[in-house]
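Trainee: I'd like a close look at one part of this protein: the nonpolar core. Could you walk me through the core and then show me how the rest of the chain sits around it?

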Amino acid sequence: MAAAVSKILLEHDPTIGKPALRIAAKLAGYISSAITVQTQAVQRALPTIEDDVENLAQIFIGHMVAEAQGRFDPRLQRFKAVPPPAVPQAPLSAASDWAGPVAGPTVIERHFGIPRSTLFRWQKRDEVIALKSGSSRFVFPLKQFVDARPADGIAELIAMFGDHRLAWKWLMAPTDKLGGNPPIDTLLTGKLANVVAAARLALGEAPDV
């Protein structure tokens, strides 16, 4: 199971570090095995915590990270591990904090086979979303790529919003105009017209009739 989980995680984000990937894959296997071998009585009770699974997972991860930091640097052991706040905090300014997995041209060429020259040409033509990270470095959200090229509609949405950052923020934010889903998820299913109509509504434009 660990190998399968590692493969899925790398397909989602090839920039994941090896230690994090290894631990995540092991945890997936351990947790799945531990839950599925519970008694029938316990398994019948599990749905009662289904809505709280995310919060419980955050608490567990918070403790695990604190434990890892304490072992890595003994000076941190005097700090008590606390669960992360239940209320989501405002996103940080770094692209990877709100944009999902991102990578620079070198990583994208290595893992997706997209030459740097092609990537920069798409960027210059506003055919791919590029986010500024740091003083002059650009990174590219990985979720926008399908079959080693930007998903259909990315260029159109960049043109509509007039800004790469604004376009990607909107694509990543769930909207009730698309059933509560992030527009990028709908776009990846091939429903470009639905996404464009929702974007027009978000921008205050009248959708096509």
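**A close look at the core**

Mentor: Let's start with the overall layout: there are 11 helices and five strands in the chain. Keep in mind that this is a predicted model. The chain has 209 residues, and 28% of them count as buried. If you take the contacts between residues at least 6 apart in sequence, 54% of them join residues at least 24 apart.

Now to the part you asked about. In soluble globular proteins, nonpolar side chains tend to be buried together. Here the largest nonpolar core has 23 residues, and the ones with the most contacts inside it are I129, L157, W168, W170 and L171. Four elements give two or more residues to this core: α8 (154-161), α9 (164-172), α10 (183-188) and α11 (192-202). Of these, α8 gives the most, with five residues.

W168 is a good place to zoom in. Setting aside neighbours within four places in sequence, W168 is in contact with W98, A99, I129, L131, P141, K143, Q144 and I184. So if you click on W168 and look around, I129 turns up among its contacts, and I129 is also one of the residues with the most contacts inside the core.

There is also a second, separate core of 10 residues, which includes I114, F140, L142 and F145.

F145 brings us to the aromatic rings. The count comes to two aromatic pairs. In one of them, F112 and F145 are tilted, at 6.1 Å centre to centre with 40 degrees between the planes. That pair links distant parts of the chain: F112 is in helix α6 (residues 105-112) and F145 in strand β4 (residues 145-146), 33 residues apart. Are these two rings buried or exposed? F145 counts as buried because its relative accessibility is 9%, under the 20% cut-off. F112, with a relative accessible area of 24%, is partly exposed.

The other pair is F161 with W170, also tilted, at 5.4 Å centre to centre and 35 degrees between the planes. F161 is buried, with a relative accessible area of 15%, and W170 counts as buried at 15% relative accessibility. You have met W170 already, among the residues with the most contacts inside the largest core.

Now for the outside. The chain exposes about 13,700 Å², and carbon and sulfur atoms supply 58% of that. One nonpolar surface patch covers about 970 Å², and its residues include Y30, I35, V42, L56, F60 and V65. The elements giving two or more residues to the patch are α2 (18-36) and α4 (53-72), and α4 gives the most, with six residues. V42, for its part, sits in helix α3 (residues 40-45) and is partly exposed, with a relative accessible area of 32%.

Last, two backbone spots to check. D126 has a positive phi of about 60 degrees although it is not a glycine. You'll find D126 in the loop between α7 (116-124) and β2 (131-133), and at 36% relative accessibility D126 counts as partly exposed. D147 also isn't a glycine, yet has a positive phi of about 55 degrees. The place to look for D147 is the loop between β4 and β5 (149-150), where D147 counts as exposed at 73% relative accessibility.

Key: Residues are numbered from 1 along each chain as its sequence is written. This is a predicted model: local features need pLDDT of at least 70, side-chain atom pairs count only at pLDDT 80 or more; totals for chains, interfaces and linings use all residues. Side-chain values use heavy atoms; hydrogens and water are left out. Patches are made of residues with over 30% relative accessible area and no salt bridge: like charges are joined within 9 Å, nonpolar side chains (Val, Leu, Ile, Met, Phe, Trp, Tyr) within 5 Å. Accessible areas come from the Shrake-Rupley method with a 1.4 Å probe; for residues, only the protein chains shown count as cover. A salt bridge is a side-chain nitrogen of Lys or Arg within 4 Å of a carboxyl oxygen of Asp or Glu. Buried means under 20% relative accessible area, exposed over 50%, partly exposed in between (1.4 Å probe, protein chains only). Rings of Phe, Tyr and Trp (its six-membered ring) pair if their centres lie within 6.5 Å; planes under 30 degrees apart count as stacked, over 60 as edge-to-face and the rest as tilted. A nonpolar core is a set of buried Ala, Val, Leu, Ile, Met, Phe, Trp, Tyr and Cys residues joined through side-chain atoms within 4.5 Å. Contact means heavy atoms within 4.5 Å.
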